[in-house]
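Trainee: I am new to this structure and would like a close look at a single part of it. Could you take me slowly through the sheet and what lies around it?

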Amino acid sequence: MTATETLREIPRLAPGDRGLPWVGRLLDYSRDPVGFYRHQWETYGPVSPFFRAGETGVVALGPDACEAVLRNKDKAYANGPAWGQIVGPFFDRGLMLLDFEEHHTHRRILQEAFTRDRLAAYTTAMHPAIEQGMRGWAGAQAFQAYPRLKQLTLDIAADIFMGGAAETSRAEMDRVNKAFIACVQAAAGVVRADVPFTRWGRAFRGRKVLESFLRHYLPAKRANRTDDIFSVLCHIETDDGERFSDDDVVNHMIFLMMAAHDTSTITTSTMLQYLGQHPQWQQRCREEALDLGPAPAMAEIESLTSLDLVMKEALRLRAPVPALIRRTVKETRLLGVRIPADTAVMVGVQFSHMMEDYWTNPTVFDPERFAPHRREDKSHRMAWEPFGGGVHKCIGLHFAGLEVKSILHRLLRDYRWSVSPGYRAPLDNSSLPFPKDGNPIHLTRI
Ligand code: HEM
């Protein structure tokens, strides 16, 4: 800021924008996130007040405001105190919840688990899990895509993250999957304490199951190098010799599984919906998939250009993480607005994806907008930000692309599906946006 620029205060909440006692306008957000964002933008501009959970925070909207928060030049915005409030203690010390120096150190180590060589090995290992997971799908006509994809990505995770269920029983893996889901579901818990028969109560027990499972296999993973992420985390080190402790391995494993799971499921399910509604795009993607063999290597998956356009468009229309959150650890300024220390900040990623300043007909499915001759995503560095930005930008974005496209590659080769053109997914936005009706599609085997 130059000396002549004046610092403004956060706009005052307009009458009627306080919402309900304590919860504030959280329900308005859940009902229609983009509608909520539009109201904020039109009433207050890029930095707006938002009363929720008993306090007034701010919403940062538009790519400039989002960029300023995510770039975090003066290290004012912290992740841990913000995300910790939402996901509870069940993902403690996962990478996304670490901040500043400590985050930097852990990210440098974790980066070693996502090198091109490792991604190539994960891709190869995914195909058998995908094939196995889809076996039961044959002949299913009225098909609930979302829950089936959720199970599939869990099965893939069992192989890629844990190294397969070979040394465990199916029953034990089911127990682990249930424990994991209990931890994920805690985010939407109302009672936020270890009370029996509540989401949090189940999550506390779930976290214990996950920890004891991982600790049980940890010595074997430390002793043998295999291609699964669990083993990789036990062995990676930076050029300076920094490595993860046993506790770090357990914490990162639990967080990584969470970060990878719902996000990839939502993306795949959104792609299925739009491809079902746009048969010409489905056919175009199928032709590219059929040009490859049944178990393509990483570079081949990366050559699926139409599928890549569709994935980008699906991520734009339904960002699996539509809002990122931060809390200020000191006073800062955001586009000329003074933000006091200890302020909750919501970064409205999904709104940037729907702004007419950056996208033509933003509500329309038009994957070609990402093609080289249009590149609408280049209209602003942060116009398209489904993976976030700055130091916390998704570390698994390439992994996600490979997993999602590997699933779609097989589906396109073996199945055809349709979705009514008028279908609008009824989304539950209380945590990550998922279709409440399970995203029904009409699926037939080719
Ligand atoms: C389409 C799928 C995915 C989407 C849309 C997505 C989105 C995001 C976003 C928006 C963030 C930034 C959060 C923030 O700044 O507060 C993030 C962080 C992260 N994601 Fe992903 N993610 C996806 C898949 C994955 C996968 C597959 C993995 C792991 C294999 C993963 C691991 C992580 C981790 C560890 C972080 C924290 C990074 C850090 O704090 O340095 N994500 N993701």
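Mentor: Before the strands are matched up, one term is needed: two strands are said to pair if DSSP finds at least two bridges between them. The model we are looking at is a predicted one, and with that in mind we can begin at strand β5, residues 324-328. β5 and strand β8, residues 344-347, pair in the antiparallel sense over four bridges, and within this pairing Arg327 stands opposite Ala344 of β8. β5 also pairs with strand β3, residues 77-78, again in the antiparallel sense but over two bridges, and here Tyr77 is the residue that faces Thr328 of β5.

How enclosed is β5 by the rest of the structure? A residue counts as buried if 20 or more other C-beta atoms lie within 10 Å of its own, and four of the five residues of β5 are buried, so the strand is largely enclosed by the rest of the structure.

These pairings belong to an open sheet of five strands, whose order is β1-β2-β8-β5-β3 and whose pairing is mixed. The edge strands are β1, residues 47-52, and β3, each of which pairs on one side only. The parallel sense appears between strand β2, residues 55-60, and β8, which are joined over three bridges, with Val59 standing opposite Met346 of β8. As a general point to keep in mind while looking at any of these strands, side chains in a regular strand alternate between the two faces of the sheet.

Now follow the chain on either side of the pairing of β3 with β5. In the loop between α3, residues 63-71, and β3 you will find Lys75, whose phi is near 50 degrees, a positive value in a residue other than glycine. This deserves a second look because most residues other than glycine have a negative phi. Lys75 is partly exposed, since 13 other C-beta atoms lie within 10 Å. Glu331, for its part, is placed in the loop between β5 and β6, residues 332-334, and Glu331 also counts as partly exposed, with 13 C-beta neighbours inside 10 Å. Although Glu331 and Asp74 are 257 residues apart along the chain, their C-alpha atoms are separated by 9.8 Å. Leaving aside residues up to four places away in sequence, Glu331 touches Arg338, Ile339, Pro340 and Ala341.

A positive phi is also found further along, at Arg375, where the value is about 40 degrees although the residue is not a glycine. Arg375 is placed in the loop between α15, residues 349-352, and α16, and with 10 other C-beta atoms within 10 Å, Arg375 is exposed.

For a view beyond the sheet, turn to helix α12, residues 279-291, which has 13 residues and reaches 18 Å from its first C-alpha to its last, close to the 18 Å expected. Its buried residues are Trp281, Gln282, Cys285, Arg286 and Ala289; seen down the axis of α12, they fall within an arc of 135 degrees, so they line one face of the helix. The face turned away from that buried side carries the exposed residues Gln280, Glu287, Leu290 and Asp291, while the cover over the buried residues of α12 includes α11, α14 and α16.

How values were computed: Residues are numbered from 1 along each chain as its sequence is written. This is a predicted model: local features need pLDDT of at least 70, side-chain atom pairs count only at pLDDT 80 or more; totals for chains, interfaces and linings use all residues. A residue is buried if 20 or more other C-beta atoms lie within 10 Å of its own, exposed if 12 or fewer, and partly exposed in between; C-beta atoms are placed from the backbone. The expected span of a helix is 1.5 Å times one less than its number of residues. The arc is that of the directions from the helix axis to the C-beta atoms. Two residues are in contact if their C-beta atoms, placed from the backbone, lie within 7 Å.
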